[in-house]
Amino acid sequence: MSPSVPLQEMIRAIRSARTQCEERGVIQRECAAIRAQFRQADNEGRSHNLAKLLYVHMLGYPAHFGQMECVRMIASPRYSEKRVGYLGAMMLLDEKQDASLLITNSIKNDLSHSSQFVQSLALCTLACMGSAEMCRDLAPEIERLLRSSNSYIKKKAALCAVHIVRKVHELGELFAPAARSLLSEKNHGVLHGTVVLITELCERSLETLERFRKSVPELVHIMKGLVLSGYSPEHDVAGISDPFLQVRILRLLRILGHNNEVASDAMNDLLAQVATNTDSTKTAGNAVLYETVLTVLDIKSESGLRVLAVNILGRFLLNNDRNIRYIAMTSLQKIVGTDHIAVQRHRGTIVDCLKDPDASVKRRALDLSLALVSASNIRSMMKELLNFLSTCPLELKSQAASGIFTAAERYSPSQRWHIDTILHVLTTAGGDVRDETVPNLIQLITTASELHCYTVHKLYRALLQDISQQSLVQVACWCIGEYGDLLLKGDCEEIEPMQVNENDILDALETVLQSHMSSPATRGFALTATMKLSTRITENVDRIRSIVSIYGSCIDLELQQRAVEYNALFKKYDHMRAAVLERMPLIEKNSTGQINGDSTGELVKEAQSIKVLPDPPPTQPAASQINDLLDLLGGPNETVKPSSPPVHSSNTSSSPGGDLLDLLGGLELMSPTPVTALPVYEKNGITLTLSCEKQSETNLTVTLTASNSTDSDITTFTLQAAVPKSVQLLMKAPSGDCLPAGGTAKVTQVVVLNNPNKVNLKMRIRVSFTSQGVAFQDTVQVDSLPECR
């Protein structure tokens, strides 16, 4: 290729290249020719060569060697060269490069040029790549041009001033008087740039914001002129007069009217006019209406105007455009707490959006539908939500189930309705519910004493139909174990009579124990239920003894240990079996949302009642995590033993394996002694406290309690601990892995320490969790444990 080929021929040659290697060769030859001509002093085709180099730059090839040529061409007196030079500066230079400082003087000279087009080039370049130093040097020139008589220059200068204010905040005061005077301009381009500049100034300075609140009447006058003006071909967009300027003015009014009654009153009538006179059948009109709604909801507007804004969002929900429906539901969700009644009027439309095929719209509709549930519409809304749960995508089942549980607990009209609703959810999405669902439902069943017969019959039917939903099976097994005698009577008036004998119940529980779908926790519920039935039936005690004895050699350590304990009840402590396995007392929920048994001083409450399985041996973390944790306590000669808790499918607590036998052997009752909780970690909204209790001279039980004070749920919460090597450490299963927002529930972690050498105890704790999709990890060292009792 000859160096003198035009730009069009070079583009044609590059596009005709068959391979990337061929294209690279064409570009390298042309760049070499351009570089050679740049070195010539009398180069007449500089603008032509720089234009070709800019095309090469847009293709992604290096073109930095043209930076100095841009500087020389900007200083050229010829407009054709100056234009290409400024274009090259905007593309090849930025504020981080020293070459950009070389054009400061040229820009300053061109800002005073007699030609408006040369001034425009300088303004555009400064607004595109001006550094903070350049902005400070040239700000007076920009302020002077804002007062120019040329509308074309004032428009460019206003946008350049926006860039300067963003780069150097303190220069905003320089432009405020000129911006105030530009509001009287008739040119829409100047007005648009001025409104953008004022918005930037008000967002960055409270003093400037107060000053420009006096300009609200002028902005209202400009906006009324746009809304009520006739057809203008120069500014018309789909029948809307300059919607871009309207949107900018509405955004500025929203800033000026926020938390200010005087400014809000001055714009109320205007907002009503815009809301009623703007065509909603066009995209441009919807953009203006949406900004109007946001402004109405953000200022101190009248109640009638807020209702009008909500009605506009309701019309958006009927739009065929999914994006418009999405932003409508996003806005409604923000105001449902303050304008609940107005949003309720559009409940039917919102519920219909649950059937939308778009996943994002469906998720927003679910959030908004859950927020609309109240005591007056709980039955109708729950019917719609349950229908949605049965057909919703898998990624929404967990969210829908959690929302239904919360709404049912808050607004349930009766206990029976509450139980039926939760059972329906467990039947539909039992595998997607949270861990706390099982203990919460158990607590609800125990408090509804008049519904025990009804509940056990219904759960027994559900157990026969499907044993794949683990949460449902766990509750069913617990209920059968507690109220199996009511199931055998078969005289429940609230449900269709069902003849059930002892063998049928044991067959159902044995099916759960033998099913490959049952988790270890579910088998534990079934085994305990089978054991409890030994005191509620009379003819099949030997079969129960046989079932329990089988699992005494189970490969699962939890089932094996529990079965051994139950066998001990049959053999050594058979005279106490009825007292140990008596019906559970009332389970109460404390203020933090945790479920506790009624502390009436009874000997044994089914060995921690809700979950009778012991904790498995501690699982070891990954090798990299172990090595990290080993270094936590520091010191080259100190060795530590790390441990992390085992993972359970249920968040209920379990007792150590030997607690039951120890209780039966010693029969020594000790009143609980209060322990002191020591705060050891307070960061990211999480508070972790540590308390300890001495079991013997060498054994110590440490309890870690975590709570979440943030506004969002925290998931995958885990704790790991490291202690000196001479200390034996065993971490029990945590009470859960989720910390609800607002501290409504806590997670506890029990750590058992054996210190035979009585060394000085210290502990290093690693906290890991996920908040709003972001994973966090932190460590804390406890050099001395609190006083143990």
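The following dialogue goes through a predicted model and asks what stands behind some of the labels given to its residues and helices.

Trainee: What does the chain contain in terms of helices and strands, and how many of its residues count as buried?

Mentor: The protein chain has 34 helices and 13 strands. Of its 789 residues, 52% count as buried. Among contacts between residues at least 6 apart in sequence, 68% join residues at least 24 apart.

Trainee: Why is Val 216 called buried?

Mentor: Buried means under 20% relative accessible area. Val 216 has a relative accessible area of 1%, so Val 216 is buried. Val 216 lies in helix 13, residues 216–228.

Trainee: What does Val 216 touch, beyond residues up to four places away in sequence?

Mentor: Val 216 touches Leu 253, Leu 256, Ala 263, Ala 266 and Met 267. Taking Ala 266 as the example, Val 216 and Ala 266 are 50 residues apart in sequence, while their C-alpha atoms are 7.1 Å apart.

Trainee: How do you know that Thr 104 is buried?

Mentor: The same cut-off of 20% applies. The relative accessible area of Thr 104 is 14%, and therefore Thr 104 counts as buried. Thr 104 is in helix 6, residues 104–111, and touches Met 134, Asp 137 and Leu 138, not counting residues up to four places away in sequence.

Trainee: What makes Lys 154 a buried residue?

Mentor: Its relative accessible area is 6%, and buried means under 20%, so Lys 154 is buried. Lys 154 lies in helix 9. Leaving aside neighbours within four places in sequence, Lys 154 is in contact with Leu 145, Leu 146, Ser 148, Ser 149, Leu 182, Glu 185 and Val 190.

Trainee: How do helix 8 and helix 9 pack, and which residues of helix 8 meet helix 9?

Mentor: Helix 8 (residues 132–146) and helix 9 (residues 151–167) pack at an angle of about 150 degrees, with axes 9 Å apart. The crossing of helix 8 past helix 9 is left-handed. On the helix 8 side, the residues are Cys 135, Ala 139, Ile 142, Leu 145 and Leu 146. The residues they meet in helix 9 include Lys 154, Ala 157, Ala 161 and Ile 164.

Trainee: Why is Ala 238 called partly exposed?

Mentor: Partly exposed lies between under 20% and over 50%. Ala 238 has a relative accessible area of 42%, so the label is partly exposed. Ala 238 is found in the loop between strand 1 (236–237) and strand 2 (240–241). Its phi is near 55 degrees, a positive value in a residue other than glycine.

Trainee: What makes Thr 716 partly exposed?

Mentor: Thr 716 has 44% relative accessibility, which is neither under 20% nor over 50%, so Thr 716 counts as partly exposed. Thr 716 lies in strand 9, residues 714–724. Phi of Thr 716 is near 45 degrees, a positive value in a residue other than glycine.

Trainee: How do you know that the span of helix 31 agrees with what is expected?

Mentor: The expected span is 1.5 Å times one less than the number of residues. Helix 31 (residues 557–571) has 15 residues and should span 21 Å; its end C-alpha atoms are 21 Å apart, so the two agree. Buried residues of helix 31 include Glu 558, Arg 562, Tyr 566 and Phe 570.

Trainee: What makes Asp 556 a cap of helix 31?

Mentor: A side-chain oxygen of Asp 556 lies 3.0 Å from the backbone nitrogen of Glu 558, at the N-terminal end of helix 31. A polar contact needs N or O atoms within 3.5 Å, and the 3.0 Å distance falls within that cut-off.

Trainee: Which residue caps helix 18, and what span is helix 18 expected to have?

Mentor: Asp 321 caps the N-terminal end of helix 18, with a side-chain oxygen 2.8 Å from the backbone nitrogen of Asn 323. The 14 residues of helix 18 (residues 322–335) should span 20 Å, and the end C-alpha atoms are 20 Å apart, which agrees. Helix 16, helix 17 and helix 21 are among the elements that cover its buried residues.

Trainee: Where is helix 15 kinked?

Mentor: The kink in helix 15 is about 40 degrees and is centred on Met 267. Met 267 is one of the buried residues of helix 15.

Note on methods
Residues numbered from 1 in each chain as written. Predicted model: local features only at pLDDT ≥ 70, side-chain atom pairs only at ≥ 80, totals over all residues. Heavy atoms only, no water. Helix = DSSP H or I, 4+ residues; strand = E, 2+ residues; numbered from the N terminus. Buried < 20%, exposed > 50% of the residue type's maximum accessible area, 1.4 Å probe, protein only. Contact = heavy atoms within 4.5 Å. Bend = angle between axes of the 7 residues up to and from the residue. Axes fitted to C-alpha atoms, helices over the stretch in contact; angles between N-to-C directions. Left-handed = near helix turned anticlockwise from the far one by under 90°. Polar contact = N/O pair within 3.5 Å; in protein donor to acceptor, adjacent residues only side chain to side chain.
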